[in-house]
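Q: Please take a close look at the surroundings of the ligand in this structure. I should like a connected account that starts there and then follows the chain outward to the parts that adjoin it.

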Amino acid sequence: MASDGYLPLFETRRVKGRIFYRVFVVSVFVCIFFIWVYRLCHIPNKHENGKLLWVWIGLFAAELWLGFYWIFTQSLRWNRVRRLTFRDRLSQRYEDKLPGVDIFVCTADPKIEPPMMVINTVLSVMAYDYPTDKLSVYLSDDASSDLTFYALMEASHFSTHWIPYCKKFNVEPRSPAAYFINRLYEEMENRIQTATKLGRITEEIRMKHKGFSQWDSYSSPLDHDTILQILIDGRDPNAVDNERCALPTLVYLAREKRPWHFQNFKAGAMNALIRVSSKISNGQVILNVDCDMYSNNSQVVRDALCFFIDEEKGHEVAFVQFPQNFDNVTKNELYSNSSRIFNEVELQGLDGYGCPLYTGSGCFHRREILCGSKYNKETKIEWKSKKDSKGEESLLDLEETSKALASCTYERNTQWGKEMGLKYGCPAEDVVTGLSIQSRGWKSVYSKPERDAFLGVSPTTLLQLLVQHKRWSEGNFQIFISKYCPAWHAHGKISLGFRLGYCCYGLWAPSCLATLFYSVVPSLYLLKGIPLFPEITSPWIIPFAYVIFAKYGGSLVEFLWCGGTALGWWNDQRLWLYKRTSSYLFAFIDTILKTLGFSESAFVVTAKVADQDVLERYEKEIMEFGDTSSMFTILSTLALLNLFCLIGAVKRVIIDDGFVKLYETMILQILLCSTLVLINWPLYQGLFLRKDNGKMPSSLTAKTLVLALVLFGIEVT
Ligand SMILES: O=c1ccn([C@@H]2O[C@H](COP(=O)(O)OP(=O)(O)O[C@H]3O[C@H](CO)[C@@H](O)[C@H](O)[C@H]3O)[C@@H](O)[C@H]2O)c(=O)[nH]1
Ligand SMILES: [Mn+2]
């Protein structure tokens, strides 16, 4: 409580156990330092073995890199905080002055983002516990699909039953599919599914809504006029639910698309939404959710407002990010796809510096700031509970004037995509936009309520996950080498801890090099019988042993602490390796090509549906391959190379050296190589042992066998 008796709307608490943790960190760092010293003190003689000298230099570089990386990861843990909100105080003081909130839902492809899923998300946010006359929901459809439009039209009718029902019985979650299935819902689902299966809208449905006529002049998803339809007009006194309460405004938007116009993916869609909504409802607060991320907690809008409206600190908060949770993660997180550590630890660490990242879905923004305003201590925010009613236009006029705001040419010679709205040109449009807001002096907040705020669909195949991480690591590396990188940008405005912490994400892509080196070279030298690490009797083994033990022990404890399973942790380690040796490698190469002007980065939308047999394997936690992607070629070749090295080493033990000698001189290489083989077990199964459709295609197996044998042959001879 502040001294003048003022009760804040939120509170910030430090996470406990920091002293113990900091001592631990320092002890590990001392040992990392000794590892570097070991490398420098044992440089091999150039004249005896020139190649070994290069290997030594490579190892030193990799260990320097990994050591620094470790420091970056720790700065994300150094200063963690938790936030607590007081919604009751918010209602007591501000219930009749609450600002308008505009919610943007984005979709891009009705095949991999089915209309049924999209409208469940829409319905869940329409039913937030918030005055409905201040709530407006916008669906941006980058596929401009009349099927999605039809589903939204059905949803607008269904909402007249659903919203009062939710409020009366205090339903949670408010996605009808996730909550329960009732007759009305089933009927609506049947109608939508029938249309979706048919793949087009029948004449009978077409007659039901004039909005469909906008598809008359339509030629393809990439070439059409703006399609905009206000399905529920919040200003209309007749727009009420079946209990005669006002309904939230509901708008469908497919921005104009032309083959000659680059559409800027989700950032482009968001900016069109910002403009269109400013005309229609102009809520001071904007929430964006992806079409799969339904609201799982109806109080979240109020939580976010506690941060924005707080009289003491609210004026500096630009955005409030909620965690992205998923309702399709299996018990042991086969693809490490729950973002557990990011949500439970790292974002809290960033929050400690006042700078959690903007990570897209589940983030509330103040409109003004998203549109480019600079921070100024003096300015007080004026929260407006009503839109300034500048002359009430008729619905038709309003639709027409709003349409113009979503045209391709609107942004020409403007600051949109640069100083205004979401930034263009980066596959991580969210992160770069957030960083630029922070560099203008604003703060952000990470809010993680007890009950998960949003639940979405995370990738259900290995390839999808690797492609998603390629996009993220590429985006973050582009940011790292741009002027938005916090490591060198905005001096004086952001803290050192955040600068270091951000490097963790910014340097994902180039960290492929150190990992590749470490997962190949020591194994090959094991095969050759040349030690690269201290012997077991040497005191230099101690720092290595301590770092390995502390790093992996520490991360296991952290993972279990955050509610994961031991097997989940093991899977997480595997994915750590796979991402670094495939996604990050490709992201690294593509970023360099892009910088040199050879390629453009794209946005590959993650599929939210999968075939039945793929899903069955996913639920049984069997890894899905079934594709000839070059990402898999690299992973398999690395796995086979390590297997050959281990077999070679075993042969050497049996035929000549004997176990004791090898064990004494090369314990760490044995450990590293056998761990790599162990962790790659699902790959060997996929390559040689499995028969189902999810195994590696035989052509890929053959190709990687040849590749691995050639590489192996070159080294042996
Ligand atoms: O041209 C496009 C491409 C995508 N999207 C939408 O963008 C959202 C995110 O796409 P998805 O394939 O689900 O990507 P994810 O990797 O799951 O998304 C994370 O990462 C993105 C940035 O890489 C952020 O934009 C997201 O908010 C964040 O949840 C989805 O709703 C899409 O419909 C569009 O609207 N237009
Ligand atoms: Mn997604």
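A: By class, the shell around ligand 1 consists of 10 nonpolar, 7 polar and 6 charged residues. This description concerns a predicted model. In total, 23 residues surround ligand 1, and the closest are Cys106, Ala108, Phe265, Asp290 and Gly360. Strand S3 (101–107), helix H9 (265–280) and helix H15 (462–480) are the elements that give two or more residues to this shell.

Two positions deserve attention here, since a record names them. In an unreviewed entry, UniProt lists Lys266 and Asp290 under "binding site". These two are spread over 25 residues of sequence, yet they cluster in space, with a largest C-alpha distance of 9.7 Å.

Consider Asp290 to begin with. Asp290 belongs to strand S7 (residues 285–290). A residue counts as buried when 20 or more other C-beta atoms lie within 10 Å of its own; Asp290 has 25 such neighbours and is therefore buried. Setting aside neighbours within four places in sequence, Asp290 is in contact with Cys106, Gly360, Ser361 and Gly456. Of these contacts, Cys106 and Gly360 also appear among the residues closest to ligand 1.

Lys266 is located in helix H9. With 22 C-beta neighbours inside 10 Å, Lys266 is buried as well. Beyond residues up to four places away in sequence, Lys266 touches Cys106, Glu429 and Phe603. Cys106 is thus a contact of Lys266 and also a contact of Asp290.

Gly456, a contact of Asp290, leads to a small sheet. Strand S13 covers residues 454–456 and is joined to strand S8 by 2 bridges, with the two strands running antiparallel. Within this pairing, Tyr294 has Leu455 of S13 as its bridge partner. The sheet is open, has 3 strands in the order S8-S13-S10, and shows mixed pairing. Strand S8 (294–295) and strand S10 (325–326) stand at its edges; each has a single partner strand, so one side of each is left without a neighbour in the sheet.

Further along the chain from S8 comes Asp310, in the loop between helix H10 (300–309) and strand S9 (317–321). Although its place is in a loop, Asp310 counts as buried, because 21 C-beta neighbours lie inside 10 Å. Apart from neighbours within four places in sequence, the contacts of Asp310 are Pro8, Leu9 and Phe10. The C-alpha atoms of Asp310 and Arg191 are separated by 46 Å, and the two residues are 119 residues apart along the chain.

The nonpolar interior may be examined next. In soluble globular proteins, nonpolar side chains tend to be buried together. In this model, the largest nonpolar core has 171 residues, and those with the most contacts inside it are Val105, Val122, Tyr138, Leu152 and Leu253. Leu253 touches, beyond residues up to four places away in sequence, Tyr138, Leu139, Ser140, Leu228, Ala272, Leu273, Val276 and Ala406.

Leu253 falls within strand S6 (249–254), which is separated from strand S5 (227–232) by a loop that contains Arg244. The strands S5 and S6 pair in the antiparallel sense over 5 bridges, and Ile232 has Leu250 in S6 as its bridge partner. S5 is mostly covered, with 6 of its 6 residues buried. Arg244, by contrast, is exposed, with 7 other C-beta atoms within 10 Å. Its phi is near 65°, a positive value in a residue other than glycine.

Two further loops have backbone features to note. Between helix H5 (146–169) and helix H6 (176–179) lies Pro173, and the peptide bond that joins Glu172 to Pro173 is cis, with omega near -10°. Glu621 is in the loop between helix H20 (612–619) and helix H21 (630–657). Phi of Glu621 is near 60°, again a positive value in a residue other than glycine. Glu621 counts as partly exposed, with 15 C-beta neighbours inside 10 Å.

Finally, the record marks spans of another kind. UniProt, in an unreviewed entry, gives the feature "transmembrane region" for several spans, among them residues 500–520 and 696–714. In the model, residues 500–520 are 81% helix and 0% strand, with end C-alpha atoms 29 Å apart. Residues 696–714 are 89% helix and 0% strand, and their end C-alpha atoms lie 26 Å apart.

Technical notes. Residues numbered from 1 in each chain as written. Chains lettered and ligands numbered in written order. Predicted model: local features only at pLDDT ≥ 70, side-chain atom pairs only at ≥ 80, totals over all residues. Near = placed C-beta within 6 Å. Helix = DSSP H or I, 4+ residues; strand = E, 2+ residues; numbered from the N terminus. Nonpolar A, V, L, I, M, F, W, Y, C, P; charged D, E, K, R; others polar. Buried ≥ 20, exposed ≤ 12 C-beta atoms within 10 Å, placed from the backbone. Contact = placed C-beta atoms within 7 Å. UniProt positions renumbered as here; feature names shortened; annotations may be inferred. Pairing = 2+ DSSP bridges. Core = buried A, V, L, I, M, F, W, Y, C linked by C-beta atoms within 7 Å.
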